[in-house]
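Visitor: Could you walk me through this protein and tell me how each label is earned?
Guide: Gladly, here it is.

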Amino acid sequence: MRMRHWLLLTVLAGLAGCAATPPVEPRELVYSTSSEETFREAVELMIEQGYVVRHADIALGRAEASLARWPGYRLQLQVSEEGSGSRVRVSALRGSQPLPPYLLDPWLVALQRKLGVAP
């Protein structure tokens, strides 16, 4: 009986490990604009791209937005001061799976253009 319990626990632990979601990796870029301006423009960019902003807190520099199209995309944004500019960290999920960070480069470049600091 005891052996059966151990076997069951081992199988369940293995299944739980298979179901684990890989960690979300953010992509970062530093801009020469203030963190407040960067945050406002980033949230506006989300809206322009069809995302629904679920949470936005300028004091914390954090926002989260969702795109209702299947399979469901979610952006997570963090803006902080970096010297005289700002650092943007953005990550995304497609369904429940993290997007590879390099796929967020076009979004960061679009934000750079929106801020007027594109090279």
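What follows is a short conversation about the labels used for this model.

Guide: A word on the ground rules: this is a predicted model, where local features need pLDDT of at least 70, side-chain atom pairs count only at pLDDT 80 or more, and totals for chains, interfaces and linings use all residues. Residues are numbered from 1 along each chain as its sequence is written, and side-chain values use heavy atoms, with hydrogens and water left out.

Visitor: How do you know how many helices and strands the protein has?
Guide: Helices are DSSP runs of H or I with at least four residues, strands are runs of E with at least two, and both are numbered from the N terminus. Counted that way, the protein has three helices and six strands, in the order α-β-α-β-β-β-β-β-α along the sequence.

Visitor: How do you know what H2 should span?
Guide: The expected span is 1.5 Å times one less than the number of residues. For the 14 residues of H2 (residues 35–48) that gives 20 Å, and the end C-alpha atoms are 20 Å apart, so the two agree.

Visitor: What makes a residue of H2 buried?
Guide: Buried means under 20% relative accessible area, exposed over 50%, and partly exposed in between, using a 1.4 Å probe and protein chains only. In H2, Ser 35, Thr 38, Phe 39, Ala 42, Val 43, Leu 45 and Met 46 are buried. They cover an arc of only 155° around the axis (taken from the directions from the helix axis to the C-beta atoms), which puts them on the same side of H2. The face turned away from that side carries the exposed Ile 47 and Glu 48.

Visitor: Why would residues spaced along a helix share a side?
Guide: An α-helix has 3.6 residues a turn, so residues three or four places apart point the same way.

Visitor: What do the buried residues of H2 pack against?
Guide: With contact meaning heavy atoms within 4.5 Å, their partners are strands E1 (27–31), E2 (52–57), E3 (62–67), E4 (73–82) and E5 (85–94), plus helix H3 (105–115).

Visitor: Which residues are buried in H3?
Guide: They are Trp 107, Leu 108, Ala 110, Leu 111, Gln 112 and Leu 115. The buried residues of H3 pack against E1, H2, E4 and E5.

Visitor: What comes just after each of these two helices?
Guide: Just after H2, Gly 50 takes a positive phi of about 95°. H3 is followed by Gly 116, with a positive phi near 75°.
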